[in-house]
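Student: I have a model open and would like to learn how to read it. Could you take me through it feature by feature?

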Amino acid sequence: DMGLGESTPPATTMNLVATMVGAGVLAIPKVYATVGMPMGIAITVVGCGISIYLSDILSEAIGTVQEKSKQRMRTLEDVGGACYGSMGRMITSFIINGTFIGKTAVYFVLIGQSLAFLRSPPMYRGWVLIGGAAFMASAFVRRVATLEKIVFLGVVSSVAFLVMIMIGSLEAHSLNFAEGTDFLKVSSIDSTQLFPALSVLLFSFGPTDVLATVRNNMRDQSGMRHALVVSHVLVGIFCILAGVLGFWGFGSEVSDDITQVMCGSAPGADCSKEPKWLSGYLLAGAVVLNLGSTIPVDLYCLFSNIEASFAPDESMSRFANVALRLGVVLFCVVIGLLLPFFMEVLEIFCAVMIVPGVIWLPLAFARKASLDCGRPNSAARSAFDAMLFILGLASLVLGLYSSVHELVEAFQANEEGAANPFAVRWF
């Protein structure tokens with residue numbers, strides 16, 4: 001029974017936008033500051049186009065697999081199993097579930113920074129522990145209806161991100177934070193920084209982890225391509241505005257998380273000692289609201305995926321289930337405690353998990369689906385897909401190398417007491 005979902009094309013578009021726009025947008029001004037404004041805009045446009053193409057061929061592959069198997073593909077794991085058997089389902093599950101865990105770990109770093117900005121003490125690590133305790137309960141939510149009541153917070157806070165970045169950037173520009181900044185950086189771009197920048201932007205775009213579910217909920221699945229294009233264009237405009245405004249206002253002083261420079265009256269101010277701006281407080285509050293709705297949803301999807309991988313007569317034991325839920329949250333808390341570097345952790349996560357999930361899985365599923373239905377790709381499309389595969393490989397290898405190198409430098413500088421977290425105050 002193929003059935004029909006209930007979502008209309010406009011509702012699907014908004015669902016995709018809400019899924020794509022998240023707290024990762026706070027890092028985009030730093031991306032633009034790293035590669036320059038022209039290159040930042042170019043990478044955003046290229047990343048948007050790549051994501052549209054990959055999402056579209058994945059959607060087509062899902063439709064082809066459904067038509068051939070006469071079964072509805074509700075998750076990407078279903079598509080992986082239909083295309084490549086049990087091994088395909090296992091690999092897909094590993095990538096998707098790893099993405100959920102990685103995102104949550106990155107978000108724990110961000111929520112610690114945001115709460116510490118709002119009120120300190122407790123210091124950053126104290127807030128990570130408090131956040132971990134608060135989200136521990138959400139790991140045991142088993143009804144999606146419970147989570148649907150707080151999803152609107154994520155949508156509202158995402159809009160607040162852009163508004164507060166704009167207001168904060170105007171204030172920073174009036175204080176000459178960007179004075180002397182080279183906005184073009186044509187001659188000073190480090191080419192190795194382009195790949196992690198692309199990976200971060202693909203993280204802001206790529207909806208592949210939820211695409212099968214969103215498509216499954218559509219009343220008319222033929223409208224999926226239009227929904228993908230419109231949602232990507234809207235998110236692309238959002239990202240460009242955030243990157244341009246943030247870099248224009250703060251210049252090279254913009255931090256990994258733009259909230260952390262919204263204080264003082266001169267560049268380089270210590271936010272723990274200088275007065276903080278109202279826009280900074282509001283942006284940090286919006287981040288907390290956003291993550292307060294995003295983390296429980298990600299944890300729900302993660303644990304639901306894992307539980308669904310067991311046969312009905314061989315379900316996970318209660319002890320193992322509880323241990324899994326506690327263990328994932330504790331793992332994310334440990335990452336937050338030991339690696340208090342938002343951009344470096346984000347770039348490592350994007351290189352290791354976003355590249356396989358956003359680039360390689362769609363390419364693999366689309367190729368297998370076209371071969372199975374007797375419609376192999378043209379030589380031109382095969383060559384283009386091969387180029388995307390190589391681009392993904394370069395982004396993984398060079399992006400991982402660059403971000404690990406930056407992480408080592410941060411440890412050597414002992415930023416945030418990283419070398420010995422027990423030597424600094426937590427509360």
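Tutor: Gladly! Let's begin with a single residue: Val 35 lies in helix 2, which covers residues 28-35. Keep in mind that this is a predicted model.

Student: Is Val 35 buried or exposed?

Tutor: The general idea is to look at relative accessible area, where buried means under 20%. Val 35 has 0% relative accessibility, so it counts as buried.

Student: Which residues does Val 35 touch, leaving out those up to four places away in sequence?

Tutor: Here we look for heavy atoms within 4.5 Å. Val 35 touches Gly 40 and Ile 43, and also Leu 184, Lys 185, Ile 189, Gln 193, Leu 194 and Ala 197. Take Gln 193: it is 158 residues from Val 35 along the chain, yet the two C-alpha atoms are separated by 7.1 Å.

Student: How much of the contact count comes from residues 24 or more positions apart?

Tutor: Among contacts with a separation of 6 or more, such pairs account for 84% in this protein.

Student: Let's step back to the whole fold. How many helices and strands are there?

Tutor: The protein has 14 helices and zero strands, so its pattern along the sequence is α-α-α-α-α-α-α-α-α-α-α-α-α-α. Its radius of gyration is 21 Å, close to the 22 Å from the globule rule for 427 residues, so the protein is as compact as a globular protein of that length. The C-alpha trace spans about 65 × 50 × 40 Å along its principal axes.

Student: What share of the residues counts as buried, and what supplies the exposed area?

Tutor: Of the 427 residues, 52% count as buried. The protein exposes about 18,600 Å², and carbon and sulfur atoms supply 66% of that.

Student: How do I check the length of a helix, say helix 3?

Tutor: Compare the distance between its end C-alpha atoms with the span expected at 1.5 Å a residue. Helix 3 (residues 37-69) has 33 residues and should span 48 Å; its ends are 47 Å apart, which agrees. Just after helix 3, Lys 70 takes a positive phi of about 60°.

Student: What does that check give for helix 12?

Tutor: Helix 12 (residues 318-338) has 21 residues and reaches 30 Å from first C-alpha to last, close to the 30 Å expected. Its buried residues include Asn 321, Arg 325 and Cys 332. The buried residues of helix 12 pack against helix 4 (76-118), helix 5 (124-138), helix 11 and helix 13 (342-372).

Student: Helix 11 appears there. Where is Ala 286 placed, and which residues does it contact beyond four places in sequence?

Tutor: Ala 286 is in helix 11, residues 278-308. With a relative accessible area of 4%, Ala 286 is buried. Its contacts beyond those neighbours are Ser 157, Ala 160 and Phe 161. The C-alpha atoms of Ala 286 and Ala 160 are separated by 6.5 Å, although the residues are 126 apart along the chain.

Student: And what does Ser 293 touch?

Tutor: Ser 293 is found in helix 11 and, at 3% relative accessibility, counts as buried. Leaving out residues up to four places away, Ser 293 touches Ile 150, Leu 153 and Gly 154.

Student: One last residue: what surrounds Ser 395?

Tutor: Ser 395 sits in helix 14 (residues 379-412), and at 1% relative accessibility it counts as buried. Beyond four places in sequence, Ser 395 touches Phe 195, Leu 198, Ser 199, Ala 351, Val 355 and Leu 400.

Conventions
Residues numbered from 1 in each chain as written. Predicted model: local features only at pLDDT ≥ 70, side-chain atom pairs only at ≥ 80, totals over all residues. Heavy atoms only, no water. Helix = DSSP H or I, 4+ residues; strand = E, 2+ residues; numbered from the N terminus. Rg over C-alpha atoms; globule rule 2.2 N^0.38 Å. Buried < 20%, exposed > 50% of the residue type's maximum accessible area, 1.4 Å probe, protein only. Areas by Shrake-Rupley, 256 points an atom, 1.4 Å probe, with all protein chains shown as cover. Expected span 1.5 Å × (residues − 1).
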